[in-house]
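Visitor: I should like a close look at a single part of this molecule, beginning with one pairing between strands and moving outward from there. Please describe the surroundings of that part in one connected account.

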Amino acid sequence: MSDLHYKRVSEDSELEEILKLQKRNLPEALTSKEMNSQGFVSLKYTFENLKDLNLEEAAIICKSDSGVVAYILAISKGSEISMPSLERLKAKLSKSLYKDKPISAYNYVLIGQVCVDKNYRQQGVFKSCYELYKHTFQNKYEFAVTFISDRNHRSLQAHKKLGFQFIYKYKGNDNEVWNIALLSW
């Protein structure tokens, strides 16, 4: 896929493209069969949320000639983005241990969401996005951490394949079972 290039978000139009890709991959846009085989995204960000996040840590994106085809959102430990669901997830990091210390005691970057357009899956885009993510953040943060729904089998497998450690599992307020996964640099 020679028409693909990887970079950090630098324009508002790229944030709009992220929102379009997010919208196509939210549970309400997918059938149960699609969710089971292709995965889904769990959090619903607004343009304002993305704008705030990108002022602090610009997202990693993959672009084709047609626009953004993949993204990974980065949220610093101290981010004050106002999303109740994200705040609940971050609160779990004070109860989740890594090397005998709460994750919240480390300087981590939170992976706020990962999404690859269905037409670009199984082509190395996911791995290449994470390679740029690691290169971008490994000298600033000790590791990356994310939350993955137990129902999102595709995402769980993809993250395991990249070397994420699954360190904690819990049931959320919505009865969703979440896995906390960590990528050590």
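**A strand and its surroundings**

Guide: In β3, the residue that bridges to I61 is Y71. The model in which this pairing appears is a predicted one. I61 belongs to one side of β2, and the partnership with Y71 is part of a broader contact, since 5 bridges join β2 to strand β3 (residues 67-76). These two strands run antiparallel, and a hairpin of 2 residues connects β2 to β3.

β2 also has a partner in strand β1 (residues 5-8), with which it pairs in the antiparallel sense over 4 bridges. Within that pairing, Y6 stands opposite C62 of β2. H5 is likewise found in strand β1. H5 and I61 are 56 residues apart in sequence, yet their C-alpha atoms are 8.3 Å apart in space. H5 has a relative accessible area of 40% and is therefore classed as partly exposed.

The burial of β2 itself can be stated residue by residue. Strand β2 spans residues 60-64, and 5 of its 5 residues are buried. In a regular strand, side chains alternate between the two faces of the sheet. In β2, both faces are covered: I60, C62 and S64 are buried on one side, and I61 and K63 are buried on the other.

From the strands, the account passes to the aromatic rings. The structure holds 10 aromatic pairs. One of them is formed by Y98 and F143, an edge-to-face pair with 5.2 Å centre to centre and 70° between the planes. This pair links distant parts of the chain, with Y98 in strand β4 (residues 97-98) and F143 in strand β7 (residues 143-149), 45 residues apart. Y98 and F143 are both buried. A further edge-to-face pair consists of Y130 and Y133, at 5.9 Å centre to centre and 70° between the planes. Y130 and Y133 are separated by about one helical turn, because they lie 3 residues apart in helix α5 (residues 125-137). Y130 and Y133 are also both buried. Ring pairs extend the arrangement into a cluster made up of F126, Y130, Y133, F137, Y141 and F164.

Charged side chains meet aromatic rings as well. K101 lies over the face of Y106, at 4.4 Å from the ring centre. The charged end of K160 sits over the ring of F166, at 5.5 Å from the centre of that ring.

F126, a member of the ring cluster, leads to the pockets. The largest pocket has a volume of about 770 Å³. It is lined by 37 residues, and those closest to its centre are F126, R154, S155, A158 and H159. At least two lining residues are supplied by each of α4 (84-92), β6 (108-116), α5, β7 and α6 (153-161). The largest share, 7 residues, comes from β6. By class, the lining of the largest pocket comprises 18 nonpolar, 15 polar and 4 charged residues.

The second largest pocket has a volume of about 300 Å³. Its lining consists of 18 residues, and R88, L89, G172, D174 and W178 lie nearest its centre. Here α4 gives the largest share of the lining, 5 residues. The lining of the second largest pocket divides into 8 nonpolar, 4 polar and 6 charged residues.

Two loop positions complete the account through their backbone angles. Most residues other than glycine have a negative phi. K99, although not a glycine, has a positive phi of about 50°. K99 is placed in the loop between β4 and β5 (101-102). Its relative accessibility is 64%, so K99 counts as exposed. N175 also is not a glycine and has a positive phi, of about 65°. N175 is found in the loop between β8 (165-171) and β9 (177-184). With a relative accessibility of 55%, N175 therefore counts as exposed.

Key
Residues are numbered from 1 along each chain as its sequence is written. This is a predicted model: local features need pLDDT of at least 70, side-chain atom pairs count only at pLDDT 80 or more; totals for chains, interfaces and linings use all residues. Side-chain values use heavy atoms; hydrogens and water are left out. Rings of Phe, Tyr and Trp (its six-membered ring) pair if their centres lie within 6.5 Å; planes under 30 degrees apart count as stacked, over 60 as edge-to-face and the rest as tilted. Buried means under 20% relative accessible area, exposed over 50%, partly exposed in between (1.4 Å probe, protein chains only). A charge sits over a ring if NZ of Lys or CZ of Arg is within 6 Å of the ring centre and within 35 degrees of the ring normal. Two strands pair if DSSP finds at least two bridges between them. On a 1 Å grid over the protein atoms alone, a cavity is a set of points where a 1.4 Å probe fits but cannot get out, and a pocket is an open set with protein on both sides within 12 Å along at least five of seven lines; lining residues have an atom within 4 Å of a point. Grid points are joined across faces, edges and corners, and a volume is the space filled by probe spheres set on the points. Ala, Val, Leu, Ile, Met, Phe, Trp, Tyr, Cys and Pro count as nonpolar, Asp, Glu, Lys and Arg as charged, and the others, Gly among them, as polar.
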